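Here is a friendly round of questions to work through with the model open beside you. Shall we take a look together?

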Amino acid sequence: MSVLACLAVCVFALCACKDPKLTVNYYIDGRKTDTLPDRGLYEIKSIKCNNAKANATWDCDSWSLKTETLTKNTSVDLDFTYTSHPFTMNGIGYDSLQEAFNAAGTTPAEIHITRDATGSGTTAVGSDITLYLHGFALDGMGGETIVNNGTMTIRGIDTAAEGKGKNEAPERGILANTTGSGDNTKTLVNFGTLIAYDLVINNSTESFSIWNSSNNESSMELHNCLIERGEPEIIALVNSGTLLLDGCTISGGGDLTHPTVLQNAGFASIKLVNTRITNSGSGYSLYKESGTVEIDGASECPNAFGLSGDEE
């Protein structure tokens, strides 16, 4: 055999030993997209594979393509559609927030809000949930919008604007309560550990917007959140646990018995970092009945009560 013939055989053998190539193409309602759509906002619509032996399937839990061992170059087209459900978890849609919370139980879970929605939910003791609002609004409609009994992180800023059905993504997600009466119409209640980022927290009922509870286990952090109340007989936020306000703006319009923020437990503490608390009414911005309050130099809390040595 000639040298050229031997070289040709070797080159052929090397080429034949290369691993088969897998090419994956993503589509949204038939239109090609460069990146994989967000698991929280999309559902798989169809899978087309040019290699029947590849047995291509879509795994919702890991949000990834699964195939058998490839024996030849394979192309897979994945077509997604925006979810028809207002809430999703691990690629599965739910019609109510409570259904999603129930499905999560005490297993670590990511829950996504996929459109402006109504309804409320209470998490299980021992739960570990990250809730993504994607810039949408959740209105409790008379029930306490969210009650946290475990560990929860809430992220309001939209991270997947494409395909949302809105022209512009809002800067923050919205938690609200617009109807109902009585004490059980708060927007956010915490009995565990809760950290929230980039929220507008609204409430137009008779209840205050937020309660960080007095069970001696409640820890809450609010980062870049906005809370506004204008009613003369309303307290916007009651802290009975450990509270960090970082980069927040909280305003109220209460009278002398209704400050914007009330701290009412001996073991409670508030720390303000680059935060402004005001009251446009005749009441106090922050009223410390007991506990400790720490305010950094970048924060403003005019007309507060209980912060000076004489008042303590």
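Q: In the strand pairing of this predicted model, which residue of β24 stands opposite Glu 221?
A: Strand β21 covers residues 219-223 and strand β24 covers residues 242-246. The two run parallel and are joined by five bridges. Within this pairing, the β24 residue opposite Glu 221 is Leu 244.

Q: Strand β24 also pairs with β27; which residue of β27 stands opposite Leu 245?
A: The pairing between β24 and β27 is again in the parallel sense, over five bridges. Strand β27 spans residues 269-273. There, the partner standing opposite Leu 245 is Leu 272.

Q: How many helices and how many strands does the chain have?
A: The strands just visited, β21 and β24, belong to a long list. Counting along the chain gives 30 strands, and the number of helices is two.

Q: What is the strand order in the open sheet of four strands?
A: Let's start from the edges, where each strand pairs on one side only: these are β2 (31-33) and β3 (42-49). Strand β1 (residues 22-28) is joined to β6 (residues 74-82) by seven bridges, and these two run parallel. The sheet as a whole has mixed pairing, and its order is β2-β1-β6-β3.

Q: By what angle are neighbouring strands of this sheet turned against each other on average?
A: The sheet is open and has four strands. With direction ignored, the average turn between neighbours is 35°.

Q: Which residue of β6 stands opposite Tyr 27?
A: Strand β1 includes residues 22-28, and its parallel partner β6 includes residues 74-82. Opposite Tyr 27 in β6 stands Asp 79.

Q: Is Asp 29 buried, partly exposed or exposed?
A: Asp 29 lies in the loop between β1 and β2. Its phi is positive, about 50°, although it is not a glycine. Buried would need a relative accessible area under 20% and exposed one over 50%. The value for Asp 29 is 43%, so this residue is partly exposed.

Q: Is Asp 198 buried or exposed?
A: Asp 198 is another residue with a positive phi, about 60°, although it is not a glycine. Its place is the loop between β18 (193-197) and β19 (199-201). With a relative accessible area of 18%, Asp 198 is buried.

Q: Why do the buried residues of α2 line one face of the helix?
A: Helix α2 runs over residues 97-104, and its buried residues are Leu 97, Ala 100, Phe 101 and Ala 104. Seen down the axis of α2, they line one face because they fall within an arc of 100°. An α-helix has 3.6 residues a turn, so residues three or four places apart point the same way. For α2, the arc that answers the question is 100°.

Q: Which residue just after α2 takes a positive phi?
A: The helix covers residues 97-104. Just after it comes a residue with a phi of about 55°, and that residue is Gly 105.

Q: How many disulfides does the count come to?
A: A disulfide calls for two cysteine sulfur atoms within 2.5 Å. Cys 49 is partly exposed at 30% relative accessible area, while Cys 301 is buried at 15%. By the distance rule, the number of disulfides is zero.

Q: What share of the residues in the chain is buried?
A: The chain exposes about 15000 Å², with carbon and sulfur atoms supplying 50% of that area. Of the 312 residues in the chain, the buried share is 44%.

Methods. Residues are numbered from 1 along each chain as its sequence is written. This is a predicted model: local features need pLDDT of at least 70, side-chain atom pairs count only at pLDDT 80 or more; totals for chains, interfaces and linings use all residues. Side-chain values use heavy atoms; hydrogens and water are left out. Two strands pair if DSSP finds at least two bridges between them. Axes are lines fitted to C-alpha atoms, for helices over the stretch in contact, and angles run from 0 to 180 degrees between N-to-C directions. Buried means under 20% relative accessible area, exposed over 50%, partly exposed in between (1.4 Å probe, protein chains only). The arc is that of the directions from the helix axis to the C-beta atoms. Accessible areas come from the Shrake-Rupley method with a 1.4 Å probe; for residues, only the protein chains shown count as cover.
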